Amino acid sequence: MSNTNNFQSTPVQNAGLNPTDYEVRSLDAMCVNESELKHPWWYNFKYTAVGLIFGLAFVKAEIVSWFRIQEMFRLQSFHMYGVIGTGVVLGALSVYLIKKFKVKTIYGEAIEFHPKKFNRGQIYGGLIFGFGWAMTGACPGPLFAQIGTGAMAVGVIILSAIAGTWTYGYLRDKLPH
Amino acid sequence: MSNVIIFADTNHTIVMESLSQPWPWWAAGIIIGLTVPALLILGNKHFGLSANLRHACAAFIPANIKFFQYDWKKEAWNLFFVLGIVGGAVIASTVLADPNPVKVAPELAAELQTYGITDYSSMIPTQLVSWESLFSLRGFVMLVLGGFLVGFGTRYAGGCTSGHAIMGLSNLQIPSLIATISFMAGGFIMANLLLPFLMRL
């Protein structure tokens, strides 16, 4: 049984197969777990370990700072451009090496990449996201980290973001893509 | 012997002190960049954080909406990842807390002064992001509307800064480049043209 067959049997793909719907995969930068391996739930704690380092960096390098985001959008500081730029360069180099040397996961599975398809949502949604990003001074990753710094009022922003995501899901078929 | 202990202790203090200082941009860039291969190699996982907002909808309020009808438990790894981010943030703001006020560009400080943002004790300005502020018109608009736009926009765009700007660009995806440019354009418009009004509400 190939990975592809397994993937097509997932509910996510079923939603995408509906001709009236947009391809869920291409529209969403969401991981669709194709692994056929069945692990106990606590195996997921290895991602918690990665998140721990990630969250540490997010706070210590002031990526969670509302002020840093304001500086970025006013071209008053190089900081955030340096962070994102370094991240992209290293990420791209990693992806290139993984592809070139066909690096496998620690469980021996092939690492897969999925091309994204263009749709106008990336522009409209992107602009809307940008508005919110400059207002709250945080994108989704930093929002979660801000909670960890004890700024509990950020919970309101996260609940609003969940409401926004839900509203998008509700209106999805009516929105231009 | 006691000399050695004192030396080790001083060393430890030096390390803790330098870790408590704000980290340079390249340190965060390296960690964020390496998160991409780490997640891929640990289990074929593609870096992207806004998907968790969707999983929250799928888990708690699917409401028969097709977009939320999927097995979110298969994506539980991402929720565990977020758990780690929160934990890392707790460590960063307790054991590695930096007691000094946040440094910002003087031009920004001058502008924020006109909005009454003068408290630099936290990276998240308490004069804007706090329960008190939430009950003012400005606070309500900035937090509730701002959060809504983040959640709506990210899903409409098919990802956020992590999924598009980091993961998508790392995989050289043109749609992610378009999304990233749109994120930045939206941010520039909001920060420079609209915030001067919203911040005076």
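**Exercise 1. Set the radius of gyration of chain B beside that of a compact globule of 201 residues.**

Step 1. Start with the rule: the radius of gyration is taken over C-alpha atoms, and the globule value is 2.2 Å times the number of residues to the power 0.38.
Step 2. For 201 residues a compact globule would come to near 17 Å, but chain B has 21 Å.
Step 3. Along the principal axes, the C-alpha atoms of chain B fill a box of roughly 70 × 50 × 35 Å.

A word on conventions before we go on. This is a predicted model, in which local features need pLDDT of at least 70 and side-chain atom pairs count only at pLDDT 80 or more, while totals for chains, interfaces and linings use all residues. Residues are numbered from 1 along each chain as its sequence is written, and chains are lettered from A and ligands numbered from 1 in the order in which they are written.

**Exercise 2. Describe the secondary structure and burial of each chain.**

Step 1. Helices (H or I, at least four residues) and strands (E, at least two) are DSSP runs, numbered from the N terminus.
Step 2. On that basis chain A has nine helices and zero strands, and chain B likewise comes to nine helices and zero strands.
Step 3. A residue is buried if 20 or more other C-beta atoms lie within 10 Å of its own, exposed if 12 or fewer, and partly exposed in between, with C-beta atoms placed from the backbone. Buried residues make up 51% of the 177 residues in chain A and 48% of the 201 residues in chain B.

**Exercise 3. Which residues of helix α3 of chain B are buried, and what do they pack against?**

Step 1. Eight of the 10 residues in α3(B), residues 51–60, are buried.
Step 2. They are B:A51, B:N52, B:L53, B:R54, B:H55, B:A56, B:C57 and B:A58.
Step 3. Their partners are α8 (140–148) and α9 (154–171) of chain A, along with α4 (76–93) and α7 (137–157) of chain B. Here, two residues are in contact if their C-beta atoms, placed from the backbone, lie within 7 Å.

**Exercise 4. How are α9(A) and α3(B) oriented to each other, and which residues join them?**

Step 1. Axes are lines fitted to C-alpha atoms, for helices over the stretch in contact, and angles run from 0 to 180 degrees between N-to-C directions.
Step 2. The two axes come within 9 Å and cross at roughly 75°.
Step 3. Angles under 35 degrees count as roughly parallel, over 145 as roughly antiparallel, 65 to 115 as roughly perpendicular and the rest as oblique. The helices α9(A) and α3(B) are therefore roughly perpendicular.
Step 4. From α9(A) come A:A161, A:I162, A:T165, A:W166 and A:G169, and from α3(B) come B:L53, B:R54, B:A56 and B:C57.
Step 5. Sorted by class, this contact has six nonpolar, two polar and one charged residues. Ala, Val, Leu, Ile, Met, Phe, Trp, Tyr, Cys and Pro count as nonpolar, Asp, Glu, Lys and Arg as charged, and the others, Gly among them, as polar.

**Exercise 5. Is B:K45 buried or exposed?**

Step 1. Find B:K45 in the loop between α2 (25–43) and α3 of chain B.
Step 2. Count its surroundings: 24 other C-beta atoms lie within 10 Å, so B:K45 is buried.
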